[in-house]
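The following exercises concern strand pairing, helix geometry and internal cavities. Each task is followed by a worked solution.

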Amino acid sequence: MPALILSVCAALLLPSTAGAQSAGTSQSSDVPRSTDAEPLVLTIREAVQTALKNNPDVRAAQLDLKEANARIQEAWGNLYPSLDLTGSYTRNVVTANPFAGSDAASLIGGGGQTEWLAFNERQRLDGNKGTDPITFPEFQRRDSLALAQSGVTLGGGGNPFSVANEFRGGLQLTQTLYSKQAFTSVKGSREFRDVSRYARNRQVQVVTNEVVKAFYQALLAQERARVLQKRVERAKKTLREVSTRVRRGVIPKAQRLGARVELSNARTQRIEARNAARLARDQLTRTIGLSPEQPVRLEGSLEEQYSNGLQQVSLETISMSKAVDQAIKNRPDLKRARRNVDLREIQTESSRAAFYPQVEAVANFSYSGRVPDDRSRILTRNPQDPTDPFYYAEQSRGFFHDNFWNPSFSVGLQFNWNLFSGFQRSARVQQAQIKQQRAELRRDRLRRAVKLEVRKALRDLENARQRIETQRANVRRAELNYDHVSKRVSEGVATQLKLREASEQLDQSRLNYLQAVYDYLVARADLETALGQPLTPTSKSYLMTRR
């Protein structure tokens, strides 16, 4: 076995070396890296583990499962409190005066008439004869004099209702009290997670089956090369014996020529078998996701895989009906199909939920500010004499003065119930029901396909098992026949033609036996995949799907 692997590796490296010598120094530096690369020793379990780690379909299925978990969190978010923060700033460059072109100012006592009347009324009622009422022009004169003495300048004729800067900020808390759609969304997201989980589990089993069969194929090709190597060795031995007898003059030279032809044919078949073994290993490395430049060496043989406590798996140990029931119960894709029907039912329920109302509790807190550029104000009330109408003073206020900012807080309930939507909700319910019926059809169709798959796998397994028993006995007969013919040839009783026929029969019986063992292992792997779970503890270590 080590000699065979070394010869295969040498054959792989020879073309690269020749190409490097012809291409120049830049390419020859790459050759030592491929030559010195240590072969990766792979058991069937390690091959499966590597594939499950690197396979893009398995990784995509795992990402789908993570996405499904995120959808559950998103669905619960519809039932959690919602907190919204808003804010705005407005700069009023030009604002329309709502009283422009009207006499609204005169209606509310514009021009000082109201103040003049109030002043004269206080003068008349104070009981002091020296404080008689005055005329309106006199009142205006005194008012203008007091304004001039205070140094205060009244604002121009702008818009008295305009403020240059407006700030608004709000915080709204919303809590869903009743929403049938939100509740069904949580149920649907959980079902979708189960659908994704079973899809991931089935993908793991499918990839495992592909890797196991590729591993068995590589072992078969490797053992075919070993059988043909033995054929070459027998042909060499025959040629030496024939040559010796020709030199002695016992047999004609034509028999030596025939022995050389036989050796050449055996070498040709060995070359083809070695190439097939390399191709099978390349296919295995591609299946498990390794680099094509990575050399591998397979651990084990078909005989070891077959004799690893699994040869008793047949129709005698597992009945057809039991196997079908087991597959229907355990197959992840069937579980996924059943969960998908449940998911469609929940989606139908979610469509019907649109006919129900929604109730929410709401709390609002807002803070608004109207801040002018000129934050000074004119005081017209004399703190020492409140009755003095001829008092003017200017006061400066800060940006965050209480006069500019006002908070507000409110709580309440919101009720939303769509009574008519143009029959759209009924149409959505009908569409959801149709999707549910389709899911049920897919589930039933898959169940029938699983039954047929299990039956076929069991029959293939039993057929391969019977072939193994037949071919094992046939190999023993072929070995006895070859030994017998070899002895008769050495005694001069039988011809070299008989020996070649016995050699070919021995090689063919061994190849048929290996093929039967391979077919049995493949049938067993297919049966495990069809059942959705391993048959024995030996295969459990690499085939059992974990959550």
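Two strands are taken to pair if DSSP finds at least two bridges between them. The model under study is a predicted one.

**Exercise 1. Strand pairing**

Determine how many bridges join E3 to strand E5, and in which sense the two strands run.

Solution.
- Step 1. Strand E5 comprises residues 358-371, and 14 bridges connect E3 with E5.
- Step 2. The two strands run antiparallel.
- Step 3. One facing pair is serine 179 and glutamine 358, the latter in E5.
- Step 4. E3 (residues 165-179) also pairs with strand E2 (residues 82-91), in the antiparallel sense and over 10 bridges.
- Step 5. Within that second pairing, glutamine 172 of E3 lies opposite aspartate 84.

**Exercise 2. Span and sides of a helix**

Compare the span of helix H7 with the expected value, and establish which residues of H7 are buried and which are exposed on the other side.

Solution.
- Step 1. Helix H7 covers residues 113-125, which amounts to 13 residues.
- Step 2. From first to last C-alpha H7 reaches 19 Å, close to the 18 Å expected at 1.5 Å a residue.
- Step 3. Taking buried as under 20% relative accessible area, one finds Phe119, Asn120 and Gln123 buried in H7.
- Step 4. These residues lie on the same side of H7 because they cover an arc of only 95° around the axis.
- Step 5. With exposed taken as over 50%, Leu117 and Leu125 are exposed on the other side of H7.

**Exercise 3. The largest cavity**

State the volume of the largest cavity, and identify which elements give two or more residues to its lining.

Solution.
- Step 1. Searching the whole structure yields three cavities of 30 Å³ or more.
- Step 2. The volume of the largest cavity is about 100 Å³.
- Step 3. Its lining consists of Arg231, Arg234, Ala235, Thr238, Ala259, Glu262, Tyr482, Leu499, Arg500 and Ser503.
- Step 4. The elements that contribute two or more of these residues are helix H9 (180-248), helix H10 (253-288) and helix H15 (496-531).
- Step 5. H9 supplies the largest share, four residues.
- Step 6. By class, the lining residues divide into four nonpolar, two polar and four charged.

**Exercise 4. Helix H15 and its end**

Give the span of H15 and describe the phi of the glycine that follows H15.

Solution.
- Step 1. H15 has 36 residues and reaches 52 Å between its first and last C-alpha, close to the 52 Å expected at 1.5 Å a residue.
- Step 2. Glycine 532 follows H15, and its phi is positive, near 85°.

Definitions and conventions
Residues numbered from 1 in each chain as written. Predicted model: local features only at pLDDT ≥ 70, side-chain atom pairs only at ≥ 80, totals over all residues. Heavy atoms only, no water. Expected span 1.5 Å × (residues − 1). Buried < 20%, exposed > 50% of the residue type's maximum accessible area, 1.4 Å probe, protein only. Arc of directions from axis to C-beta. 1 Å grid on protein atoms, 1.4 Å probe; cavity = no way out; pocket = protein on both sides within 12 Å on 5 of 7 lines; lining within 4 Å. Points joined across faces, edges and corners; volume = space filled by probe spheres on them. Nonpolar A, V, L, I, M, F, W, Y, C, P; charged D, E, K, R; others polar.
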